[in-house]
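The following exercises ask the reader to work from backbone geometry and residue neighbourhoods towards the arrangement of the whole chain. Each task is followed by a solution in steps.

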Amino acid sequence: MNSLVQGKPYFTNINTEFNQYKYLSKDASTEVLIIGGGVTGALISHYLTENKINCMLVEKSRIGHGSTSITTALLKYDLDDNLAYLNQYTSLENCIKSYKLGVKALSDLKDIISAQGNYCDYKATDSFLFTNKTIEEKEIFQEYQHRKNTGFDIQFIDTSSNPFEFDIKAGILSKEGGAVLDPFKFTHQLLSNAEKKGAKIYENTLINKIIYKENSVEAFTEFGHKITCKYIVCATGYDISLFTHKPYGTKLVTYNIVTSPIDNFDPQLKEVIVRDNCSPYNYLRMTSDNRVILGGEDEPYEQSIFNKAMAEKKYSILTERLKSLLPSIKDDIQIDFKLCGEFISTRDNLGFIGRDGFHKNLYYCLGYGANGLIFSILGGQYLSKLLKNQDDPDMEIFNLNR
Ligand SMILES: Cc1cc2nc3c(=O)[nH]c(=O)nc-3n(C[C@H](O)[C@H](O)[C@H](O)COP(=O)(O)OP(=O)(O)OC[C@H]3O[C@@H](n4cnc5c(N)ncnc54)[C@H](O)[C@@H]3O)c2cc1C
């Protein structure tokens, strides 16, 4: 049973036509071997080929069917928790740096789409963080002040200026602070372009053994074929047992519901991604075919990943929550897809990107936390610099040893 994905993923169900790649049937060599064919591996292959670095990507199953198939794919510059909370685990300076890197990643994503074309239902949006609790008004206002004072283009929203039909007490609207896309199509778009630029891509190719040598690495497929490379990149998402047993974060299960296409929705909803300030939080986006995805309600992994009763309870909570957010169409809401899956959160909400402390030819790009896609964009750029012996001090916030 797949411990990453449960239920009926939306993106892999609606996309029925996509490239299929061969499996590796002989020994091979490359400069950089990327292990993992999700959105992270695809982004790394994009940036490596852009930088003319010879690379090969191998996926043990099918491209984009790991956590990439269930990600809500809502991209935003800010993190899951607010600055006041994050300050317990990292400095405010680091948080603001990550917000700024998030803004940059959103702009870099737009550049990828401008250069390649939009084959993944990409859309730039605003982003909106809100609370409907009086007791949290002050917290949201403080978050607003921190961000405003450090130069973010944001607007404070209160009950009197609320443009939405759901209740809010306080909110922060960030202009062009987000984006949405279809992560499965995006992964395929990136890989198809990377392949044209020379990347070799194989699916149904499991790596089950790695031998680190002084100046090279040998990776072996389950059928015994050897791939010799100079560097190896771990882009295996939440399963990194092939490389390390270090626990990089806390395993959770997160839940999503996807409605059937809705006709009479508030058009503003298509222009924004929404997150509430609850704990556990909920987040909402629309799709290109006018469905609403609502996610959240995270639970500890051990008790819930194979617990169907728990999942049904969570889907009911999400459905009721969605009705409360969209009261004018609550009677028209039909749920077409329910899904959940493994998710890893980190205390400072940041992923892990960089070079292994022990094996000098091993690099990681782990998009942990709810901003996994943003971190993988930054990770792809950073690794292509590191592999050319260039550093980027801003990326120190993602270091593996924190
Ligand atoms: C429900 C949910 C909602 C989320 N929502 C958001 C969101 O809105 N925004 C956001 O930015 N992030 C979100 N995330 C996080 C985001 O989904 C992840 O960061 C991202 O999908 C991870 O992609 P990946 O390529 O790293 O991992 P995966 O998609 O899991 O890809 C890793 C691949 O590696 C392969 N692999 C593993 N081991 C081997 C091996 N030994 N040999 C070969 N291949 C191997 C696997 O088969 C898999 O396909 C969400 C996550 C979940 C679960």
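**Exercise 1. Locate P280 and describe the peptide bond that precedes it.**

Step 1. P280 is found in the loop between β13 (272–276) and β14 (282–286); helices (H or I, at least four residues) and strands (E, at least two) are DSSP runs, numbered from the N terminus. The model is predicted: local features need pLDDT of at least 70, side-chain atom pairs count only at pLDDT 80 or more, and totals for chains, interfaces and linings use all residues. Residues are numbered from 1 along each chain as its sequence is written.

Step 2. The bond from S279 to P280 is cis, and its omega is near -5°. Most peptide bonds are trans.

Step 3. The two strands flanking this loop, β13 and β14, form a hairpin with 5 residues between them. Their pairing is antiparallel and extends over 2 bridges, where strands pair if DSSP finds at least two bridges between them. V274 has L284 of β14 as its bridge partner.

**Exercise 2. Determine how β13 is covered and which strand joins it in the parallel sense.**

Step 1. Of the 5 residues of β13, 5 are buried. A residue is buried if 20 or more other C-beta atoms lie within 10 Å of its own, exposed if 12 or fewer, and partly exposed in between, with C-beta atoms placed from the backbone.

Step 2. In a regular strand the side chains alternate between the two faces of the sheet. On one side of β13 are V272, V274 and D276, on the other I273 and R275, and all are buried.

Step 3. Strand β5 (residues 123–131) runs parallel to β13 and is joined to it by 5 bridges. One of the bridge pairs links F130 to D276 in β13.

**Exercise 3. For E176 and N349, give the sign of phi, the location and the degree of burial.**

Step 1. Most residues other than glycine have a negative phi. E176, which is not a glycine, has a positive phi of about 50°. N349 likewise has a positive value, near 70°.

Step 2. E176 lies in strand β7 (residues 170–180), whereas N349 belongs to the loop between β16 and β17 (352–355).

Step 3. E176 counts as partly exposed because it has 16 C-beta neighbours inside 10 Å. N349 has 22 other C-beta atoms within 10 Å and is therefore buried.

**Exercise 4. Check the length of α9 and establish whether this helix is enclosed or open.**

Step 1. The expected span of a helix is 1.5 Å times one less than its number of residues. The 15 residues of α9 should therefore span 21 Å. The end C-alpha atoms of α9 are 20 Å apart, which agrees.

Step 2. Because 13 of its 15 residues are buried, α9 is largely enclosed by the rest of the structure.

**Exercise 5. Contrast the surroundings of I353 and D392.**

Step 1. I353 is in strand β17, and D392 is in the segment after α9.

Step 2. I353 is buried because it has 25 C-beta neighbours inside 10 Å. D392 has 12 other C-beta atoms within 10 Å and so is exposed.

Step 3. Contacts are pairs of residues whose C-beta atoms, placed from the backbone, lie within 7 Å. Leaving aside neighbours within four places in sequence, the contacts of I353 include F375, L378, G379 and Y382. With residues up to four places away in sequence not counted, D392 touches Y382 and K385.

**Exercise 6. Which domains does the chain contain, and how do they meet?**

Step 1. The assignment gives domain 1 (9–70 + 184–247 + 349–398) and domain 2 (124–178 + 249–345); these bounds come from an automatic or database domain assignment.

Step 2. The C-alpha centres of domain 1 and domain 2 lie 30 Å apart. Contacts connect 9 residues of domain 1 with 9 residues of domain 2. On the side of domain 1 that touches domain 2, the residues divide into 6 nonpolar, 3 polar and no charged. Here Ala, Val, Leu, Ile, Met, Phe, Trp, Tyr, Cys and Pro count as nonpolar, Asp, Glu, Lys and Arg as charged, and the others, Gly among them, as polar.

Note on methods:
Two residues are in contact if their C-beta atoms, placed from the backbone, lie within 7 Å.
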